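User: Hey, can you walk me through this one? I'd like to hear about pockets, a serine I'm curious about, and salt bridges.

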Amino acid sequence: MRFLCLIYTSIDVDGRLNQSEMNHLIGEHFVYDEGLRRDGSLLLSDALELRNKSIVIRPHGKTFSVTDGPFVETKEYLAGFYVIDAPDMESAAEIAKHIPSARYGAIEIRPVRTLTLKGDLAEIS
């Protein structure tokens with residue numbers, strides 16, 4: 001079963017870590033990722049740019065508006081993600097607890113739904 005682990009943190013912007021500590025944390029991610037790859041649990045992981053480099057698109061009639069974003073007032077932001085393979089939520093949670101950034105924020109774990117198309121009908125499994 002696939003799970004998306006969303007990493008929420010504020011450490012890139014709140015000054016909690018100095019550059020040396022940040023570099024160490026990034027190194028920890030590389031080591032952890034390699035271990036998950038070796039055991040077949042890691043499908044994909046990546047860090048995201050800071051939110052000031054993002055945009056938000058929203059439908060506006062028949063067109064879309066594009067704005068700088070996100071505009072949600074929060075102390076934590078989406079900083080990165082892991083897509084993992086685990087037998088169940090409990091196993092996924094165990095993997096997520098060891099993501100190095102977990103100790104600085106929150107990890108949201110979401111099961112990935114499998115959508116299929118059979119004829120004209122979509123199915124969710």
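Analyst: Sure, we'll go through those topics in turn, keeping in mind that this is a predicted model.

User: Pockets, then. What volume does the largest pocket have?

Analyst: About 390 Å³. It is lined by 19 residues, and the closest to its centre are Ile26, His29, Asp46, Ala47 and Ala79.

User: Which elements give two or more residues to that lining?

Analyst: Strand S1 (2–9), helix H1 (19–38), strand S2 (42–47) and strand S5 (77–85). H1 provides the largest share, with 6 residues.

User: And how does the lining split by class?

Analyst: There are 11 nonpolar residues, 5 polar ones and 3 charged ones.

User: OK, switching to Ser101. Where is it?

Analyst: Ser101 is in the loop that runs between helix H2 (89–97) and strand S6 (105–111).

User: Is Ser101 buried or exposed?

Analyst: Buried: Ser101 has a relative accessible area of 8%, and the cut-off for buried is under 20%.

User: What does its side chain make a polar contact with?

Analyst: With the side chain of His29, at 2.7 Å. His29 is also among the residues closest to the centre of the largest pocket.

User: Which residues is Ser101 in contact with, leaving aside neighbours within four places in sequence?

Analyst: Ile7, Leu25 and His29.

User: Now the charges. How many salt bridges are there in the whole structure?

Analyst: The search finds 5. One of them pairs Glu108 with Arg110, where the closest N and O atoms are 3.4 Å apart. Both ends are partly exposed, Glu108 at 29% relative accessible area and Arg110 at 47%.

User: Which residues are linked in a network of salt bridges?

Analyst: Glu34, Arg37 and Arg38. Glu34 forms a salt bridge with Arg37, with the closest N and O atoms 4.0 Å apart, and another with Arg38, where that distance is 3.9 Å.

User: Why can Glu34 and Arg37 be about one helical turn apart?

Analyst: Because Glu34 and Arg37 lie 3 residues apart in helix H1, which puts about one helical turn between them. For Glu34 and Arg38 the spacing is 4 residues in H1, so that is about one helical turn as well.

User: How accessible are Glu34, Arg37 and Arg38?

Analyst: Glu34 is partly exposed at 36%, and so is Arg37 at 45%. Arg38 has a relative accessible area of 65% and counts as exposed, since the cut-off for exposed is over 50%.

User: Great, thanks!

Conventions:
Residues are numbered from 1 along each chain as its sequence is written. This is a predicted model: local features need pLDDT of at least 70, side-chain atom pairs count only at pLDDT 80 or more; totals for chains, interfaces and linings use all residues. Side-chain values use heavy atoms; hydrogens and water are left out. On a 1 Å grid over the protein atoms alone, a cavity is a set of points where a 1.4 Å probe fits but cannot get out, and a pocket is an open set with protein on both sides within 12 Å along at least five of seven lines; lining residues have an atom within 4 Å of a point. Grid points are joined across faces, edges and corners, and a volume is the space filled by probe spheres set on the points. Ala, Val, Leu, Ile, Met, Phe, Trp, Tyr, Cys and Pro count as nonpolar, Asp, Glu, Lys and Arg as charged, and the others, Gly among them, as polar. Buried means under 20% relative accessible area, exposed over 50%, partly exposed in between (1.4 Å probe, protein chains only). A polar contact is a pair of N or O atoms within 3.5 Å; within protein, one must be able to donate a hydrogen and the other to accept it, and residues adjacent in sequence count only if both atoms are side-chain atoms. Contact means heavy atoms within 4.5 Å. A salt bridge is a side-chain nitrogen of Lys or Arg within 4 Å of a carboxyl oxygen of Asp or Glu.
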